[in-house]
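Hello,

Here is the structure I am handing over to you. Please open it first, then read my notes beside it.

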Amino acid sequence: MGRAYQNRKVSMAKTADAKTKVYSKYGREIYVAAKAGGIDPSGNLALRGLIERAKKDQVPSHVIEKAIDKAKGGGGEDFAPARYEGFGPGGCMAIVECLTDNPNRTFGDVRLCFTKTKCKIGTQGTVSHMFDHAAILAFKHTDEDAVLEALLAADVDVTDIESEDGKITVFTPQADYFKARQALTDLLGEVDFEVDEIQFLPKGSTPISGDDVVLFEKFLDMLNDLDDVQNVFHDAEY
């Protein structure tokens with residue numbers, strides 16, 4: 001799987017409002033995780049992982065606390081995940097992940113990004129079968145064998161493991177994320193994960209060039225401007 005997870009997940013923080021975008025993204029995700037699994041990070045691994053990632057991305061504590069407090073109150077917005085798929089310029093494939101409190105609005109906004117850049121939005125499943133939905137956990141460690149043994153003992157389906165420059169990267173199916181994270185914590189104690197994410201990793205790549213690159217970057221910029229968009233994954237290579 002190599003560097004695909006670094007190269008083909010689009011940072012949704014390229015504009016002048018980058019920090020606001022990052023804070024809003026984490027605020028929504030933390031709120032949804034806390035509402036779904038409880039506000040105590042020690043008993044909610046999804047929430048704990050999000051809080052750790054938010055702190056690494058320098059999200060202020062008050063943003064995190066506000067999202068958890070909102071979930072504690074039980075009211076507020078009712079955000080739900082939404083995923084859109086389709087083909088971009090040059091036949092590349094893209095998956096757009098959103099959190100929305102108004103699916104009709106979000107679909108219309110995302111569809112406009114596709115149509116205005118000569119992209120084609122499809123139904124769910126149109127391109128996702130060409131991606132692996134994978135959990136990725138990367139951390140400083142050198143004993144790959146011990147890590148692999150602990151994961152297999154915990155019945156984790158390890159699809160790939162890499163060891164390079166004193167860092168181990170573990171890839172598992174999305175469904176094994178919590179088992180893998182817990183197994184690593186049991187083995188190593190409190191782990192400082194450099195990468196702790198669930199992503200869509202492309203099984204291949206689609207080279208694009210020339211005008212297609214310009215259109216594709218416009219497509220990404222338009223998505224970046226939408227508050228509901230959380231992540232974009234693609235197989236474009238340029």
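Below is what was found, taken in three parts: the pocket, a sheet and the cysteines.

One point before the details. This is a predicted model.

**The pocket**

Start with the largest pocket. It holds about 800 Å³ of space. Its lining is made up of 26 residues. To find the centre, look for Glu 29, Leu 50, Glu 97, Ile 198 and Asn 231, the lining residues closest to it.

Several elements give two or more residues to this lining. The helices are H2 (18-37), H3 (45-56) and H7 (177-188). The strands are S2 (80-87), S3 (93-100), S8 (195-202) and S10 (229-234). Which element gives the most? That is H2, with five residues.

The lining is mixed in class. It has 12 nonpolar residues, eight charged ones and six polar ones.

**The sheet**

Strand S8 lines the pocket, and S8 also belongs to an open sheet of four strands. The order is S6-S7-S5-S8, and the pairing is antiparallel. Strand S6 (160-164) and S8 are the edge strands, each pairing on one side only. Neighbouring strands in this sheet are turned by 25° against each other on average, direction ignored.

S8 pairs with strand S5 (residues 131-140). The two run in the antiparallel sense and share eight bridges. Two positions let you check the register. Ile 136 has Glu 197 of S8 as its bridge partner. Leu 137 stands opposite Asp 196, also in S8.

Is S8 open to the outside or enclosed? Seven of its eight residues are buried, so S8 is largely enclosed by the rest of the structure.

**The cysteines**

How many disulfides does the structure hold? The count is zero. Cys 92 is in no disulfide, and the cysteine sulfur nearest to its own is that of Cys 119.

Why is there no bond between Cys 119 and Cys 92? Their sulfurs are 6.6 Å apart, which is too far. A disulfide needs the two sulfur atoms within 2.5 Å.

Are these two residues buried or exposed? Cys 92 is buried, at a relative accessible area of 0%. Cys 119 also counts as buried, at 8% relative accessibility. The cut-off for buried is under 20%.

If you want one place to begin, try S8. It gives residues to the pocket lining, and it is an edge strand of the sheet.

Best wishes

Technical notes:
Residues numbered from 1 in each chain as written. Predicted model: local features only at pLDDT ≥ 70, side-chain atom pairs only at ≥ 80, totals over all residues. Heavy atoms only, no water. 1 Å grid on protein atoms, 1.4 Å probe; cavity = no way out; pocket = protein on both sides within 12 Å on 5 of 7 lines; lining within 4 Å. Points joined across faces, edges and corners; volume = space filled by probe spheres on them. Nonpolar A, V, L, I, M, F, W, Y, C, P; charged D, E, K, R; others polar. Buried < 20%, exposed > 50% of the residue type's maximum accessible area, 1.4 Å probe, protein only. Pairing = 2+ DSSP bridges. Axes fitted to C-alpha atoms, helices over the stretch in contact; angles between N-to-C directions.
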